[in-house]
Each structure stands twice: as structure tokens, then as C-alpha cells.
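Subject: Structure handover

Hello,

Please find the structure below, for you to take over. My notes on what was found in it follow.

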Amino acid sequence: MLKMKTQCETCQRSLPALAEAYICSYECTYCVDCCTVHASRCPNCRGELVRRPRRQEASNEGG
């Protein structure tokens, strides 16, 4: 199951489950601005950053 991290790994901006965010295959998570700064590449693994799916409700955290 995808872990919905709540902060950008670069700037520590809050990223609630419904916020637009970007992740790599290791689930490193970035805000829109930091994704742009990093040219859509994870600075940790150099993997592609893609838009994180949004959950419909925060209450669905358990699946």
C-alpha cells in the first residue's frame, strides 16, 4: 500500500492526503514547487517523480 507522507522531503511543506504532490518509486514525496526545482527527478534516487494519487477521503487510510 502506498504510504501517504505528509511533508515535502525538501522544504517540509505540509502535504495532506488531498494535496497535489509528486513521488518516486521509493515513495519519496515532494511538493509541486520542489518537483519543479528538481526537474521531476528524485534527488535521493534520481528516479522519475510522478503525480501522487489522491485518496477520496482521509478516513480510507486503512484501506
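Is C24 buried or exposed? C24 counts as buried, at 4% relative accessibility. Please keep in mind that this is a predicted model.

Cysteines

The structure holds zero disulfides. The cysteine sulfur closest to that of C24 belongs to C28, and at 3.7 Å the two are too far from each other for a bond, because a disulfide needs sulfur atoms within 2.5 Å. C42 is in no disulfide either, its nearest cysteine sulfur being that of C28, 3.8 Å away. C42 counts as buried, with a relative accessibility of 0%.

Overall layout

The protein chain contains one helix and three strands. Their order along the sequence is β-β-α-β. The chain has 63 residues, of which 32% count as buried. About 4100 Å² of the chain is exposed, and carbon and sulfur atoms supply 49% of that area. Among contacts with a separation of 6 or more, 44% are between residues 24 or more positions apart.

The largest nonpolar core is made up of 13 residues. Those with the most contacts inside this core are C8, L15, Y30, C42 and L49. Of these, C42 has already come up above as a buried cysteine. L15 is in contact with K5, T6, Q7, C8, E20, A21, T29, Y30, C31 and R52, leaving aside its neighbours within four places in sequence.

Two residues that touch L15

T29 is found in strand β2, which covers residues 29–30. At 0% relative accessibility, T29 counts as buried. Its side chain reaches the backbone oxygen of E27 at 3.0 Å. Apart from neighbours within four places in sequence, the contacts of T29 are K5, Q7, C8, E9, L15, A21, Y22, I23 and R52.

R52 lies in the segment after β3. Is this arginine, R52, buried or exposed? R52 is buried, with a relative accessible area of 2%. A polar atom of the R52 side chain lies 3.0 Å from the backbone oxygen of P16. The side chain of R52 also reaches the backbone oxygen of A19, at 3.3 Å. Leaving aside neighbours within four places in sequence, R52 is in contact with L2, M4, K5, L15, P16, A17, A19, A21, Y22, I23 and T29.

Salt bridges

Side chains of opposite charge can pair when their charged atoms come close. How many salt bridges are there? The count comes to three.

One of them joins the side chains of K5 and E9, with 3.4 Å from N to O. Both residues count as partly exposed: K5 has a relative accessibility of 24%, and E9 has 32%. K5 appears as well in the contact lists of L15, T29 and R52.

Another salt bridge is formed by D33 and R13, whose closest N and O atoms are 3.1 Å apart. D33 lies in helix α1 (residues 32–37) and R13 in the segment before β1 (22–23), so this pair ties together parts that are 20 residues apart in sequence. D33 is partly exposed, with a relative accessible area of 43%. R13 also counts as partly exposed, at 39% relative accessibility.

The side chains of E20 and R51 meet in a salt bridge too, at 4.0 Å from N to O. Here E20 lies in the segment before β1 and R51 in strand β3 (residues 50–51), so the pair ties together parts that are 31 residues apart in sequence. E20 is partly exposed, with a relative accessible area of 31%. R51 is partly exposed as well, with 47%. E20 is also among the residues in contact with L15.

In short

The structure has zero disulfides and three salt bridges. C24, C42, T29 and R52 are buried. The residues of the E20 and R51 pair are partly exposed, and so are those of the D33 and R13 pair.

Regards

Notes: Residues numbered from 1 in each chain as written. Predicted model: local features only at pLDDT ≥ 70, side-chain atom pairs only at ≥ 80, totals over all residues. Heavy atoms only, no water. Buried < 20%, exposed > 50% of the residue type's maximum accessible area, 1.4 Å probe, protein only. Helix = DSSP H or I, 4+ residues; strand = E, 2+ residues; numbered from the N terminus. Polar contact = N/O pair within 3.5 Å; in protein donor to acceptor, adjacent residues only side chain to side chain. Contact = heavy atoms within 4.5 Å. Areas by Shrake-Rupley, 256 points an atom, 1.4 Å probe, with all protein chains shown as cover. Core = buried A, V, L, I, M, F, W, Y, C linked by side-chain atoms within 4.5 Å.
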